[in-house]
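Visitor: I would enjoy a close look at one part of this structure. Could you take me through the salt bridges and the residues that form them?

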Amino acid sequence: MDKLGFKPIPAAVALAIALVIWFLIPVPAGVAPQAWHLLAMFVGIIAAIIGKAMPIGALAMLAIMLVAVTGVTAEKPDNAMKDALSSFASPLIWLIGVSIMISRGILKTGLGARIGYLFISVFGKKTLGIGYSLAFSELLIAPVTPSNTARGGGIIHPIMKAIASSYDSDPEKGTQSRMGKYLALVNYHSNPITSAMFITATAPNPLVVNLVADATDSEIHLTWGTWALAMLLPGLAAIALMPLVLYFIFPPEIKNTPNAAQFAKEELAKQGPMSGAEKIMLGVFSVLLLLWAGVPAMIFGKAFAVDATATAFIGLVLLLLTGVLTWDDVLKEKGAWDTVTWFAALVMMATFLNKLGLIAWFSSTLKDGISHLGLSWIGASALLMLAYLYAHYMFASTTAHITAMFGAFYAAGIALGAPPMLFALLMAAASNIMMTLTHYATGTSPVIFGSGYTTLNEWWKAGFIMSVVNIIVFVLIGGVWWKILGHW
């Protein structure tokens, strides 16, 4: 045996944390022992994810095994096993898993790159125009690419590097300031904004939907269309501002780029006319958007409504029937199967923490602590949201962060008087805006930061400034827009 299947030090730390909570910290009054023991396992798993003790999918298997064996959710072993596997039936989990499979078609057919080069061929005569082209290319493909890493790092980043290289802006030559630094930051900061705009734009968003539903006893269940419409105006405003803000902070040395448009046209010429596979992919893309937005139901009535997860399956089956994707393509999409696995385990643990009363107890404790400050619901909810957002400096996984903190912070905000729908949308936005902060904030960040166009200080500076800009946009423009929509 060459090596262990886990990293000993992070695993030991995670185990120690779990054992301390289980055995050494007394069960608080009002909390069931089973809930406390599940919390110990949950915190241990989250600590292991943060420390990268094992791949997240392997940790999901460990979590399922622990819940089944310890019987914290049910006394009978067969019921405990059913509980441990219960979330594999969640439509939200399969919505993301299947959408990731569909997004493979955008890469395979080259449609994503074509969209990027089309924008640049039109708007690429100035560096600022290239920045907007990258941002709007990402926005266009965001609804069907739940892997924000694949979108920002796998599709847009190679285009950005090709443009920068064509102007000899290369970190290895020390010429990154010509335009590469600016374009890399725009490339990255498009990612959190587009992720916030659609449930299917990043894998953890359905987790937010699930936690909001749990906290409100399913009174609030954010649909794909509701989320997309709510985030449309603040999202577009944030996308419009972001390239300008970064242009001001990190102005590129080269500002006029007439050759970039020509370069993009040459790349499009190499691709040739749209292939049949690209046209089918574009057609399926359009069908998905129409069904997710609920257009048939709007036109023909509720009888023609299609469930969001069923829509994703329709898209995947169409791609399989037309041969755009093969079953081998689907099997090779490891990210999708990995996401279904870890997502199911984390949703299961979060669900039972809620059912066993632990989230209600913790949110009540938070509420009591903040109540003593004498703040209005506006001040209290702002404090909770900002604490939640900037806690991401301590997390290398948005999923771990959302799973660990969202439920309790959201429930506390509601208890302190925040309008439930308003606070749900603000916390949903914050769950994506927090990706701006660090070079380890989400999977896209190490890809783009690793290209070497910025220093660590520049990355963190841009991240903090953009987090402030984005949260102001979503609070002010989002708040007014959501009032118009009747959400509070």
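Guide: Here is a walk through the salt bridges, pair by pair. Please keep in mind that this is a predicted model. The structure holds 9 salt bridges, and three pairs make a good tour.

Let us begin with R104 and D329, whose side chains meet at 4.0 Å, N to O. R104 sits in helix α5 and D329 in helix α16 (residues 327-332), so this pair ties together parts that are 225 residues apart in sequence. With a relative accessibility of 24%, R104 counts as partly exposed, while D329, at 10%, counts as buried because the limit for that class is under 20%. The pair also has company: R104, K108, D329 and E333 are linked in a network of salt bridges.

Next come R114 and E278, where the closest N and O atoms are 2.6 Å apart. This pair, too, links distant parts of the chain, with R114 in helix α6 (residues 111-123) and E278 in helix α13 (residues 276-292), 164 residues apart. R114 is buried, with a relative accessible area of 7%, and E278 also counts as buried, at 3% relative accessibility.

Finally, look at D168 and K173, which form a salt bridge with their closest N and O atoms 2.8 Å apart. Here D168 is partly exposed, at a relative accessible area of 30%, whereas K173 is exposed, at 54%.

Conventions: Residues numbered from 1 in each chain as written. Predicted model: local features only at pLDDT ≥ 70, side-chain atom pairs only at ≥ 80, totals over all residues. Heavy atoms only, no water. Helix = DSSP H or I, 4+ residues; strand = E, 2+ residues; numbered from the N terminus. Buried < 20%, exposed > 50% of the residue type's maximum accessible area, 1.4 Å probe, protein only.
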